[in-house]
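Got the model open in your viewer? Keep the selection box handy, and let's walk through it one stop at a time.

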Amino acid sequence: MTTVKRVVCLLDDEFEDLELWYPVYRLREEGAEVLYAGPEKGKKHIGKYGVPAVADISYDDLDADRFDGLLVPGGWAPDKIRRDARVLDFVRRMNDADKPIGQICHAGWVLISAKILQGRTVTSTPGIRDDMENAGSVWLDEAVVIDRNIVSARRPPDLPPYAKAFCDLLFGR
């Protein structure tokens, strides 16, 4: 009997719609269970282009022992998400457990605030390159960068290789 992989995707208003939905659907195609976590369970969050997503759980319910992976979509949501101590503690615990963490575009801000990028090799939207480097990472201008458990990508055109890389890491391929 195989165990279903459980992934949590962080939510707040103005997430980048494609950066949320594409990896989520890709993971669900692979058989993973994906839950949305937001500041408040049941709250609807609207993406930059108007597509809503509802939080299945609250940030209070984030427990690294309950999840096999973490997705952080970009957009403007990461600037809100990074201010929540519950999220930052969860990101650190997921990182300490070497569980896959996917971040794309501006999502790197969450990893910066969690202080897990020192000595790591990553990518992001070029707009936050300085932030990523100032957090101690080596920044590469590549579609996807994998450093141990962190899978990072630049922007929506990189979604196909990003989602594949995250799925491959999550499922041990």
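Start by selecting Leu10, which sits in strand E1. (Strands here are DSSP runs of E with at least two residues, helices are runs of H or I with at least four, and both are numbered from the N terminus.) Before you go on: this is a predicted model, where local features need pLDDT of at least 70, side-chain atom pairs count only at pLDDT 80 or more, and totals for chains, interfaces and linings use all residues. Residues are numbered from 1 along each chain as its sequence is written, and side-chain values use heavy atoms, with hydrogens and water left out.

Is Leu10 buried or exposed? Leu10 has a relative accessible area of 0%, so it is buried. (Buried means under 20% relative accessible area, exposed means over 50%, and partly exposed is in between, using a 1.4 Å probe and protein chains only.)

Now show what surrounds Leu10. Leaving out neighbours within four places in sequence, its contacts include Ala37, Tyr59, Leu62, Leu70, Val72, Ile81 and Val87; contact means heavy atoms within 4.5 Å. Try a distance between the C-alpha atoms of Leu10 and Leu70: you should get 7.8 Å, although the two residues are 60 apart along the chain.

**Widen to the whole strand**

Select residues 6-10, which is all of E1. Here 5 of the 5 residues are buried, so the strand is largely enclosed by the rest of the structure. Turn it around and you'll find both faces covered: Arg6, Val8 and Leu10 lie on one side, with Val7 and Cys9 on the other.

Which strands run alongside? Add E2 (residues 33-38), which is parallel to E1 and joined to it by 5 bridges. Cys9, for instance, has Tyr36 as its bridge partner in E2. Then add E6 (residues 69-72), also parallel to E1, with 3 bridges between them. Over there, Val8 is partnered with Leu70. Two strands count as paired if DSSP finds at least two bridges between them.

Next, bring in helix H1 (residues 17-29): E1, H1 and E2 make a right-handed β-α-β unit. To check the hand, point the strands away from you; the path from the first strand over the helix to the second should run clockwise.

**A stop at the cysteines**

Go back to Cys9, which counts as buried because its relative accessibility is 1%. Where is the closest cysteine sulfur? That one belongs to Cys167, 13 Å from the sulfur of Cys9 and too far for a bond. Now select Cys105, which is also buried, at 10% relative accessible area. The cysteine sulfur closest to that of Cys105 is in Cys9, 14 Å from it, and this is again too far for a bond. The structure holds 0 disulfides, a disulfide being a pair of cysteine sulfur atoms within 2.5 Å.

**Out across the sheet**

Show the strands only and read across: the 7 strands form an open sheet with mixed pairing, in the order E5-E2-E1-E6-E7-E11-E10. E5 (57-58) and E10 are at the edges with a single partner strand each, so one side of each has no neighbour in the sheet.

Zoom in on E7, which runs parallel to E6 and is joined to it by 3 bridges. E7 is also parallel to E11, this time with 4 bridges. Select Gln103 and look to both sides: Val72 stands opposite it, while its bridge partner in E11 is Ser152. Ile101 and Gln103 point one way from E7, Gly102 and Ile104 point the other way, and all are buried.

**Two helices to finish**

Select H3, residues 85-96. Its buried residues are Val87, Leu88, Phe90, Val91, Met94 and Asn95. They cover an arc of only 160° around the axis, which puts them on the same side of H3; the arc is taken from the directions from the helix axis to the C-beta atoms. Among the elements they pack against are E1, E6 and E7. On the face turned away, look for the exposed residues Ala85 and Asp96. Just past the helix, Asp98 takes a positive phi of about 60°.

Last, select H6, residues 159-170. Its buried residues include Tyr162, Phe166 and Cys167, and the buried set packs against E1, H1, E6, E7, E10 and E11. Step just beyond H6 to Gly172, where phi is positive, at about 70°.

Technical notes: The expected span of a helix is 1.5 Å times one less than its number of residues.
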